[in-house]
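Grab a pencil and work through these exercises with the model open beside you. Try each task before you read its solution.

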Amino acid sequence: MSGSEALARLTEDRVDHRFKGLPPDADGLTVAELTAQRRNLFTDGFTTPVLALSAERLEHNLALMESYATRHGLAFAPHGKTTMAPQLFQRQLERGAWGITLAVPHQVRVARAYGVQRVFLANELVDPAALRWIAGELADDEDFRFVCYVDSVGGVELMDAALRGNARPVDVVVELAAGAGARTGVRTEAECAAVADAVAATGTLRLVGVAGYEGEVSGADPERVHAWLRRLVALAADFDKAGRFAAEGLDEIVVSAGGSAWFDAVADVFAEIPELSRPVLKLLRSGAYVSHDDGHYRKVTPFNRIPEEGALEPAFRLWTQIVSRPSPGQAFANAGKRDAAHDLDLPFAQVVRRGGTERPATGIEVTALSDQHAWLATAPDADLEVGDWLGLGLSHPCTSFDKWQLIPVTQADGTVVEYVRTFF
């Protein structure tokens with residue numbers, strides 16, 4: 001089955017109890033049939049809690065990062081772990097993305113099932129079963145491009161053992177750690193060279209570049225992040241000078257970095273990459289931009305430093321309902337840890353809907369989450385009643401998407417125009 005056919009089949013799935021928040025009277029309809037009804041999120045049977053994505057803001061964010069990458073001469077492989085939504089992968093690819101970044105084998109299987117032809121795995125892969133599956137994909141599809149990290153000689157040896165006998169080598173990049181205490185990666189340039197030598201000694205792996213994640217720089221600030229990125233670029237240049245990118249058939253050198261907090265620094269430093277023996281694929285991997293958020297990424301987005309280049313817009317809103325108002329200073333809504341991201345910040349009370357009218361959630365604050373309840377502190381002037389709908393902003397997209405299997409995409413007036421399926 002082709003990727004386009006697989007995507008089309010997502011709309012043939014039947015709506016039922018598996019999908020939170022959808023109208024009970026839609027049970028048995030296909031997703032395509034429900035979409036065609038263009039129901040209104042607030043008046044046509046959706047139940048709370050329900051997570052919604054703004055159609056307009058989603059499109060704005062996709063367009064903005066496409067233009068940013070193009071303007072700065074960057075290839076873009078947005079991190080798919082954020083959404084695990086093949087429909088959004090496809091929209092990113094249609095917006096010029098080079099491919100999709102992923103983190104673990106399951107995610108690669110999802111991407112391949114929906115036709116993604118270029119995958120950058122930002123992790124060292126040492127699982128024999130997964131490596132054999134990757135080798136099979138490469139053997140069966142000559143157009144499939146797969147690149148993954150290596151960060152140890154031991155890892156290279158495990159990969160080599162699992163891949164022996166396969167005709168097509170697996171492309172790898174040496175991961176440079178962002179400091180002594182960083183999450184993963186090779187700690188020193190000398191150790192990077194040893195890992196590269198180990199790759200060269202195999203017939204199963206091909207060294208194609210270097211990569212890392214600047215978000216792990218200790219005490220990250222512009223000066224420290226720029227300095228580490230220059231180390232990464234220098235490593236690529238040193239490897240090239242030493243002839244480490246001389247493998248047969250290699251037509252470009254990969255240099256990759258870029259989360260969602262420092263992609264402006266990546267653009268700055270990658271613009272300085274000197275001429276190497278082959279063209280350089282300057283690969284940016286930011287992923288949270290798709291939905292952005294109302295908390296962590298609103299505070300750390302590079303567009304705060306470069307406002308002349310645009311601004312991302314938070315596209316998520318979690319709609320919940322007030323189910324208890326036990327005292328003037330307290331209320332409870334029916335969404336909790338099962339529904340809302342809470343690993344970086346608690347949700348933010350933004351708007352109240354009552355009788356078709358929406359107004360700011362003045363004097364309302366989320367103070368805690370239980371499994372299925374949000375604890376709300378209410379100021380004396382807060383106008384809040386049982387039955388009101390409360391719209392919450394969220395922090396950290398990567399732990400918002402994973403709680404919802406089918407997410408309505410709504411226009412500004414509440415009309416639902418699409419449903420996004422996730423695979424976590």
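**Exercise 1: the sheet**

Work out the strand order of the open sheet and find its edges.

Step 1. Eight strands make up this open sheet, in the order S2-S9-S8-S7-S6-S5-S4-S3, and the pairing is parallel. Strands here are DSSP runs of E with at least two residues, helices are runs of H or I with at least four, and both are numbered from the N terminus. Two strands pair if DSSP finds at least two bridges between them.

Step 2. Strand S2 (75-76) and strand S3 (100-102) are the edge strands, because each pairs on one side only.

Step 3. Now zoom in on one pair: strand S4 (residues 118-124) runs parallel to strand S5 (residues 145-150), and five bridges join them. Opposite Phe120 you'll find Val147 in S5.

A word on the model: it is predicted, so local features need pLDDT of at least 70 and side-chain atom pairs count only at pLDDT 80 or more, while totals for chains, interfaces and linings use all residues. Residues are numbered from 1 along each chain as its sequence is written, and side-chain values use heavy atoms, leaving out hydrogens and water.

**Exercise 2: two packed helices**

Describe how H3 and H4 pack.

Step 1. Two packed helices are described by the angle between their axes and the distance between the axes.

Step 2. For helix H3 (residues 55-71) and helix H4 (residues 86-94), the angle is about 45° and the axes are 10 Å apart. Axes are lines fitted to C-alpha atoms, for helices over the stretch in contact, with angles from 0 to 180 degrees between N-to-C directions.

Step 3. That makes H3 oblique to H4 (under 35 degrees is roughly parallel, over 145 roughly antiparallel, 65 to 115 roughly perpendicular, and the rest oblique).

Step 4. Leu58, Glu59 and Leu62 in H3 meet Leu88, Arg91 and Gln92 in H4, where contact means heavy atoms within 4.5 Å.

**Exercise 3: positive phi**

Is Arg38 buried, partly exposed or exposed, and what about Met84, buried or exposed?

Step 1. Most residues other than glycine have a negative phi. Arg38, though, has a phi near 50°, and Met84 has a positive phi of about 45°.

Step 2. Arg38 sits in the loop between H2 and S1, and Met84 in the loop between S2 and H4.

Step 3. Arg38 is partly exposed, because its relative accessibility is 45%; Met84 is buried, at 1% relative accessible area. The cut-offs: buried is under 20% relative accessible area, exposed is over 50%, and partly exposed is in between (1.4 Å probe, protein chains only).
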